[in-house]
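Good morning, colleagues. I should like to take you through one model today, and I ask that you keep it in view while I speak.

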Amino acid sequence: MTLFGINGVRGTANRDLTPDVALQIGKAVGLTYGKRVALAMDARDSSEMLRSAVSAGIMSVGSDIVDLGMLPTPALQHYVMRHDDITGGVVITASHNPPEHNGFKFIGPDGVEATREDEAALEDFCSVEIKTASWEDIGELYHATGAAEAYVDSIVSNVDADAIRAARLTVCIDLANGATCVTTPMLLKRLGVRALTIDADPQGETPGRTSEPTEENLTLLKAMVRQTGADLGAAHDADGDRTIFITSEGEYVEGDLSLAIMARYILKDHHGKVITPVSSSQIVEDVVESSGGLVKYTPVGSHMVVKKIEENHAVFGGEENGGMVFPEHQNCRDGAMALAKMLECVVKAGPLSEQIAGLERYHVVKDKVVCPDSRKRELLDHFIDDAMGYRTETVDGVKIYFDDGWVLLRPSTTEELFRVYSESKDAALAQERADGYVEDATRFLEQ
Ligand code: MG
């Protein structure tokens, strides 16, 4: 099986991700990133085992390790960015995946997540025998402290901390028993926020609730916000690069919607470009354009968003899953920064429920068709031919714009699937259009 997916390596611990595999990945990391690699892990039960194995691999090829212990992914990225002697980073995490999973995320020397080229090099190294260093060149292991504090300092300095403190907010926060337990409570304390936590024990089963911060997995958080009269609810995924928000009324806010709200808030003071994948809701483009900004679309995948932010000197970017990037802090998705900036946004622009109430809502339908890799190009060409005369966007698959909505037809990069997304203000129309394209694709593939 292939372990490398759209975001590093993922697999089941001790089945796909054995100590042997981690050892080999460690050697590959040492060869790819060189002299001194920073290492962090999330709170999963299997993370310690994988940390030992990947560390042995890294040191065996002559690279040193700076072990930062348990940290969210963006905090490790912040450390790598701030330390010139660090030549790369690894985080042991499976992000939002279930507890039996684990994985590795790879970070380049500038603190930005690994490019596809780096990941391809790592993957190639994983399938060859790697020569280890001679005994006198074996790498050393260092432990560093203070990474969490420096990361929180940077976030505090990038928001209007005085305004947030003065508002004396109460926030309910669900940490999924993840690595954010070591940073987010500290951040909220620094911002003078009264924090009521759920699943804030990183020694417990991780993730505490069911993996992804979807609406059905945040029932407890929604109830807690309502019952305590909190000003805001927020939930991180297990490695802390994403945050989903709950209004003070206990309403779940879709990631695209919080992205739109945040983009509008940022564009008030900083005119410029906003970067988001082509799969994001039209609400983002509507709000950005009416706020005097410009949306640039990327293929699906956070590394593409980060890359395009840099190329375009964009002011903000993010994904529909709650991942937000604030380039003035650092160029990566950052759940704690998203939380702090949303607190500032609520203090200065009003409660989230009121901010959302003014926005028109869209309905999105996500479907898929099984499609062998060998026929993906053919099917995509068929859709592109079919879209003649319509506005299209072909940065990833083809997005076809109609007067009353859009469809996005894109081949999956990791599975033998063709994804069909359809969005409209009219829910029935969105469904009808998705069904039509699924039928068309099925018919085409039967030929
Ligand atoms: Mg994550």
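Val90 stands opposite Phe106 in strand E5. The model is a predicted one, and this facing pair belongs to an antiparallel pairing of E4 with E5 over four bridges. On strand E1, residues 9-12, there is another antiparallel pairing with E5, again over four bridges; here Gly11 is set opposite Asn102 of E5. Six of the seven residues of E5 are buried, so this strand is largely enclosed by the rest of the structure.

I turn now to the metal site. Which protein atoms serve as donors of the magnesium ion? They are the OG atom of Ser95 and OD atoms of Asp237, Asp239 and Asp241, lying 1.9 to 2.2 Å from the ion. The sequence spacing of these donor residues reads S-x141-D-x1-D-x1-D. Distant parts of the chain are thereby linked: Ser95 sits in the loop between strands E4 (88-92) and E5 (101-107), while Asp239, 144 residues apart from it, sits in the loop between strands E9 (232-236) and E10 (243-246). Both Ser95 and Asp239 are buried.

Finally, the chain as a whole. It contains 15 helices and 21 strands. Its radius of gyration is 22 Å, which agrees with the value near 22 Å that a compact globule of 447 residues would have. Of those 447 residues, 60% count as buried. Among contacts with a separation of 6 or more, 70% are between residues 24 or more positions apart. The chain exposes about 18000 Å², with carbon and sulfur atoms supplying 49% of that area.

Conventions
Residues are numbered from 1 along each chain as its sequence is written. This is a predicted model: local features need pLDDT of at least 70, side-chain atom pairs count only at pLDDT 80 or more; totals for chains, interfaces and linings use all residues. Side-chain values use heavy atoms; hydrogens and water are left out. Donors are N, O and S atoms within 2.8 Å of the metal (3.2 Å for Na, K and Ca); water is not among the atoms, so sites may look incomplete. Helices (H or I, at least four residues) and strands (E, at least two) are DSSP runs, numbered from the N terminus. Buried means under 20% relative accessible area, exposed over 50%, partly exposed in between (1.4 Å probe, protein chains only). Two strands pair if DSSP finds at least two bridges between them. The radius of gyration is taken over C-alpha atoms; the globule rule is 2.2 Å times the number of residues to the power 0.38. Contact means heavy atoms within 4.5 Å. Accessible areas come from the Shrake-Rupley method with a 1.4 Å probe; for residues, only the protein chains shown count as cover.
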